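Hello,

Here is the structure I promised to pass on. Please open it first, then read my notes on how some of its helices pack.

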Amino acid sequence: MTESPSRLFTVAAAGLALPLAPAVSPAAPDDPAQIAFFEKQIRPLLAEHCYECHSAAGGKAKGGLVLDSEAGWMDGGDSGPALSPGDPAASLIIEAVGHGDPDLAMPPKYKLAEREIEALRRWVAMGAPDPRDGSAPALPGSSIDIAEGRHFWSFKPLAEAAPPEVEDKAWPRGAIDRFVRAAQEGAGIDPAPDADRRALIRRASFDLTGLPPSEAEVDAFLADGAPDDEAFAKVVDRLLASPHFGERWGRHWLDIVRYGESMGRTRNYPFPFAWRYRDYVIAAFNADKPYDDFVREQVAGDLLGGGTAEQRDERLVATGFLALGSMDLNERDRAQFQMDVVDDQIDVTSRAFLGVTTGCARCHDHKFDPVRTEDYYALAGIFTSTDTLTGYTNRQGGNNAKVRGDLLLTLQSEQAEGKVAPGPPPPNGAERNARRQLDEARKRLATLEEAVRSEPARRREIAPLRKRVGQLTAQVKRLETERKAGADAATNMAMGVRDAKSIGDCKICVRGEPSNRGAEVPRGFPAVLMPEGSSAELPAGASGRAELADWIVSQPLAARVAANRVWHHLFGRGLVATVDNFGATGERPTHPALLEHLAARLSQHHGWSLKALIREVMLSRTYALAATGPGLDKARADDPGNLLLWRANVRRLQAEALRDAMMLAAGTLELAPPEGSPVQKLNGQVATGRGQDQMEQFKHRSVYLPILRNNLPEFLETFDFAEPASVIGRRDVTTVSTQALYLLNDRFVVAQAKAAAGRIIDDISEADARLDAACRLVLNRPPSADELAAAREYLADEDAPGAGETERLAGFLQALFASAEFRYVF
């Protein structure tokens, strides 16, 4: 391996600055996920509420405004453009639907539901992505050529090809490298040299555990006399066996399944048992649970028989996958509420496992993929035949909704171990007040019934008082039920699903509206992914989730999508860049044969072992390449995006890795996992603005941070944390000034730098040795002679802000935290 060139850092009075990494472009404006959001949330909303008066196709343009095309709202009407992409506050359409100004209010006769207003606001905030060309949406029953759709590349059966022969026979270490090198040779470019051992162990450690290597681990790797590939194999095996592997790769999965510990939406109540699903995911990755079992347990774990009580509980917890969605408790229409939950379940199931945006067919046939409205409602019937247990339901408890044990799953193994709370708590103030009023009303009623014997005229007072007694009796009973359910929910409960008592097929909701039903569709699976002439055969007395789970893992797409996700997390870009979308609007694979090879290795050769596939990829020479090197001018010119994998991609650490690495350097990180979640202690709606405080007080790894929707810590949001209400397989990576300002000024970063400085000063007395220790602690390497001299000059400057030795060393460490070399892996 080649040694990295010295990286000279410079020192100024304001602090120390290291060379900047290459800028990273923001996400493309026409992101497929955003287009899917438009198709699911915005197009049907506009069609239902706006097209009657503002549709070019319908010949209506009141106020000169049409809203059935992108050009329509861009041109605007008599009052100007209808919206300002990216700025809801400056958009007329948002002001109009808010009904703040009666003269501007739209629709004029009624106000949209809060969830619809919020959807419009979110759409405008993301830049108002709009794929329309003026044509009206397709209605159920429109023609899609399913037979032709089966020929699309990602819908075909797996076709594993033999690794190609290459001219440079000494370069490949295995089949993966032969696929990669063949493409490079075809383009006439050569790869970078191998990375040096320091760079490689840091890259591998962050990739597999989300933590930097310790100094002892780096030294051991450098001292290993074995050939590079053999020495590195030992490192990879050690990291795969670490309990921190599950924490790192489990967090990747939590991004995909929109993990959050609160409702979000209009009433942001906490999910006090979401953490059980989080811990299930981490444990599954650590145990290398076969991926096909991992899928089955999340879709239908409650329907899988056998096993111990602990194993059955584990499978129940796994179904939390289907219950974690963001829901609108203010939705008063039960049918609408149910279909919104079902839509979330269809979306996360089809995108997480199959990379298909089936949810786009809720209101009309898919605009781009061969997925019909009938296919959507075939899946919907499976989920309408399923009870989703979150602890809440819609229209619950006014502004005082509480988690209810009867709306959760009971875990038998914990109950058997005596972990259930010892009985319900005493009545709260509301229940005590209702009981007092009931007692008083009963006494008045008894007195009145006695009085009418001598005062018959008072008989008319009896009926209203009896009604009042009945109302208070029902109120007391409800409050008592909620209190007892809440007590049960204190220990042995979990979010998840179970088959409903009523099993049946689902009728099409015309334009997505539950109040306008069309034909009933038999439960089943998307036709384009079924053999020609076949249909799903689901049991009449069960939801069909068990069959759905088996069908998913039988699909070539399941293996392709999972293998591509592994590649994405190890290289920063999937072979299919749109990791959640393998459809027509997604990107095509850069190395189609390699993707087929990896999918076959995962599903047919490795027995669905993700660790085995990860190991195989990491031991390839392609993974071990340096990020730069001599003689690469042609490669840079011909393939500037590195699609042919001729060098390692420079990747910024994710928010969690940045926080954990700073705290590890400071000695403030508690590596042992916590029990449960701080969310268990929350009561009532989540207070806004407390996310950052919670993060600063929390000492465990970032994967265990409470993830409250609409209330994320500023640190996570600043460094592109995944939106916890959406399926996010690929996070945005931005480079913006607020990130630099945060690292220079935030009290959390300052506190970690001071703690790290104090730690070094306590252990080391000699100045140069302290600087050496700081660089090794933060950058996993010693400073060069030039860097040491510059840092020595900085620490000797008594006029620098904070004259004490601890403050100056802390400033040096904070500058290291802000450096590109710390924030990126090379």
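**Helix packing notes**

The crossing of helix 9 and helix 22 is right-handed. Keep in mind that this is a predicted model.

**Helix 9 against helix 22**

Helix 9 covers residues 228-240, and helix 22 covers residues 610-618. Their axes lie 10 Å apart, and the packing angle is about 155 degrees. Angles over 145 degrees count as roughly antiparallel, so helix 9 and helix 22 fall in that class. On the helix 9 side, the contact residues are Phe232, Ala233, Val236, Asp237 and Leu240. Helix 22 meets them with Lys611, Ile614, Arg615 and Met618. Sorted by class, this contact has 6 nonpolar and 3 charged residues, and no polar ones.

**Helix 19**

Next, look at helix 19, residues 545-554. Is this helix mostly covered or mostly open? Mostly covered: 7 of its 10 residues are buried. These are Arg545, Ala546, Leu548, Ala549, Trp551, Ile552 and Val553. Both helices and strands contribute to the cover. Among the helices are helix 12 (291-300), helix 14 (334-354), helix 15 (373-384) and helix 20 (556-571). The strands include strand 5 (386-389) and strand 8 (496-499).

**Helix 29**

Helix 29 runs over residues 767-779, 13 in number. From first C-alpha to last, helix 29 reaches 18 Å. That is close to the 18 Å expected at 1.5 Å a residue. Which residues of helix 29 are buried? They are Arg770, Leu771, Ala773, Ala774, Cys775, Val778 and Leu779. The cover over these buried residues includes helix 7 (197-209), helix 24 (655-666) and helix 28 (747-763). It also includes helix 30 (785-796), helix 31 (805-818) and helix 32 (820-823).

**Helix 30 against helix 31**

Two helices from that cover, helix 30 and helix 31, also pack on each other. Their axes come within 9 Å and cross at roughly 140 degrees. Helix 30 is therefore oblique to helix 31. The crossing of this pair is right-handed. Helix 30 makes the contact through Ala791, Tyr794 and Leu795. Helix 31 uses Arg808, Leu809, Gly811 and Phe812. By class, the contact between helix 30 and helix 31 has 5 nonpolar residues, 1 polar and 1 charged.

Best wishes

Methods: Residues numbered from 1 in each chain as written. Predicted model: local features only at pLDDT ≥ 70, side-chain atom pairs only at ≥ 80, totals over all residues. Heavy atoms only, no water. Axes fitted to C-alpha atoms, helices over the stretch in contact; angles between N-to-C directions. Helix = DSSP H or I, 4+ residues; strand = E, 2+ residues; numbered from the N terminus. Parallel < 35°, antiparallel > 145°, perpendicular 65-115°, else oblique. Left-handed = near helix turned anticlockwise from the far one by under 90°. Contact = heavy atoms within 4.5 Å. Nonpolar A, V, L, I, M, F, W, Y, C, P; charged D, E, K, R; others polar. Buried < 20%, exposed > 50% of the residue type's maximum accessible area, 1.4 Å probe, protein only. Expected span 1.5 Å × (residues − 1).
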